[in-house]
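Reader: I am looking at this model for the first time, and I would like a close look at one part: the place where aromatic side chains come together. Please take me through it slowly, and then show me what surrounds it.

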Amino acid sequence: GNNLRRCQTIESARVKEQSKIRRVTEEDIAMFYKSSGCTKAISLLEKKSVDLITVKIGDYILVRNFLIFRLIERNFLRPCSLHRLPTEAVLTASKCPQDEAFPFYMALYGDKTIVSSEEPSYVHLTHQEMQWLLNFINNFRGRITPVNKDAAKDLFLSQAGSSLNDKTLSG
């Protein structure tokens with residue numbers, strides 16, 4: 001009786017946990033890029049000039065999260081690699097003219113990889129992605145007031161103006 005119930009409870013917990021652990025498939029990514037949120041984020045990033053007064057917090061979050069996802073997905077990064085990405089890294093990104101597909105790159109000195117390998121991870125960017133990031137800096141990032149000097153350096157901030165971490169990435 002009790003032993004059977006215990007085994008069933010353990011198995012039920014395992015099944016629930018496995019359902020939480022889901023691999024992202026190519027179909028999931030394709031669906032994301034076709035979603036209305038993604039389409040809106042790209043539309044906002046492709047505007048030549050956006051009046052900061054008209055940028056809503058929701059638009060800032062949408063565009064920020066799209067850019068974070070895009071950089072993670074295209075560069076096979078851990079989310080923590082981008083939490084403290086400095087704006088300066090984008091503004092001083094290096095050019096790699098021999099790489100036509102990804103002609104821009106920047107080092108991620110805040111990534112854990114540097115501790116184990118003594119080499120930073122890199123973000124590689126297409127022309128389009130570089131333009132989106134510059135547009136984000138020029139038209140969206142200024143909408144958020146940083147809470148302190150450290151946060152002021154970060155490219156991606158929470159809507160409250162603080163640096164991102166695992167818990168604040170969605171808000």
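Author: What follows begins with the aromatic rings and moves outward to pockets, a helix and a sheet.

Happy to walk through it with you. The model is a predicted one, in which local features need pLDDT of at least 70 and side-chain atom pairs count only at pLDDT 80 or more, while totals for chains, interfaces and linings use all residues. Residues are numbered from 1 along each chain as its sequence is written, and side-chain values use heavy atoms, leaving out hydrogens and water.

Let's start with the rings. Rings of Phe, Tyr and Trp (its six-membered ring) pair if their centres lie within 6.5 Å; planes under 30 degrees apart are stacked, over 60 edge-to-face, and the rest tilted. By this rule the count comes to 10 aromatic pairs. One of them joins Phe32 and Phe69, which counts as tilted because the ring centres are 4.3 Å apart and the planes stand at 50 degrees. Phe32 sits in helix H2 (residues 26-34) and Phe69 in helix H4 (residues 57-75), so this pair ties together parts 37 residues apart in sequence. Helices here are DSSP runs of H or I with at least four residues, strands are runs of E with at least two, and both are numbered from the N terminus.

How open are these two rings' residues, buried or exposed? Here buried means under 20% relative accessible area, exposed over 50%, and partly exposed in between, using a 1.4 Å probe and protein chains only. Phe32, at 26%, is partly exposed, and so is Phe69, at 27%. Tyr33 and Phe66 also pair, this time edge-to-face, with 6.5 Å from centre to centre and 85 degrees between the planes. That pair again links distant parts of the chain, since Tyr33 belongs to helix H2 and Phe66 to helix H4, 33 residues apart. Tyr33 is partly exposed at 22% relative accessible area, whereas Phe66 is buried at 2%. Phe32, Tyr33, Phe66, Phe69 and Trp132 form one aromatic cluster.

Now to the pockets. On a 1 Å grid over the protein atoms alone, a pocket is an open set of points with protein on both sides within 12 Å along at least five of seven lines, and a 1.4 Å probe defines the cavities; lining residues have an atom within 4 Å of a point. A volume is the space filled by probe spheres set on the points, which are joined across faces, edges and corners. The largest pocket has a volume of about 260 Å³. Phe69 turns up again there: among the 13 lining residues, Ile68, Phe69, Ile72, Glu73 and Pro79 lie nearest the centre. H2 and H4 each supply at least two residues of this lining, and H4 gives the largest share, six residues. The lining divides into 11 nonpolar residues, one polar and one charged. In this scheme Ala, Val, Leu, Ile, Met, Phe, Trp, Tyr, Cys and Pro are nonpolar, Asp, Glu, Lys and Arg charged, and the others, Gly among them, polar.

Trp132 takes us to the second largest pocket, where its neighbours in the lining include Leu45, Gln128, Gln131 and Asn135. This pocket has a volume of about 160 Å³. H7 contributes the largest share of its lining, seven residues, and by class the lining has three nonpolar, five polar and three charged residues.

Helix H7 also holds Phe136, which is buried at 0% relative accessibility. Leaving aside neighbours within four places in sequence, Phe136 is in contact (heavy atoms within 4.5 Å) with residues including Leu45, Tyr60, Val63 and Leu67. Just ahead of the helix, Thr126 occupies the loop between strand S3 (121-125) and helix H7 (127-139). Thr126 is buried at 12% relative accessible area, and its contacts beyond four places in sequence are Arg74, Ala101, Phe102, Pro103 and Phe104.

That loop leads back to the sheet. Three strands form an open sheet in the order S1-S2-S3, with antiparallel pairing; two strands pair if DSSP finds at least two bridges between them. Strand S2 (residues 104-108) and S3 are joined over five bridges, with Ala107 opposite Tyr122 in S3. S1 and S2 pair over two bridges, and Lys95 stands opposite Phe104 in S2. In S3, Ser121, Val123 and Leu125 make up the covered face, while Tyr122 and His124 make up the uncovered one.
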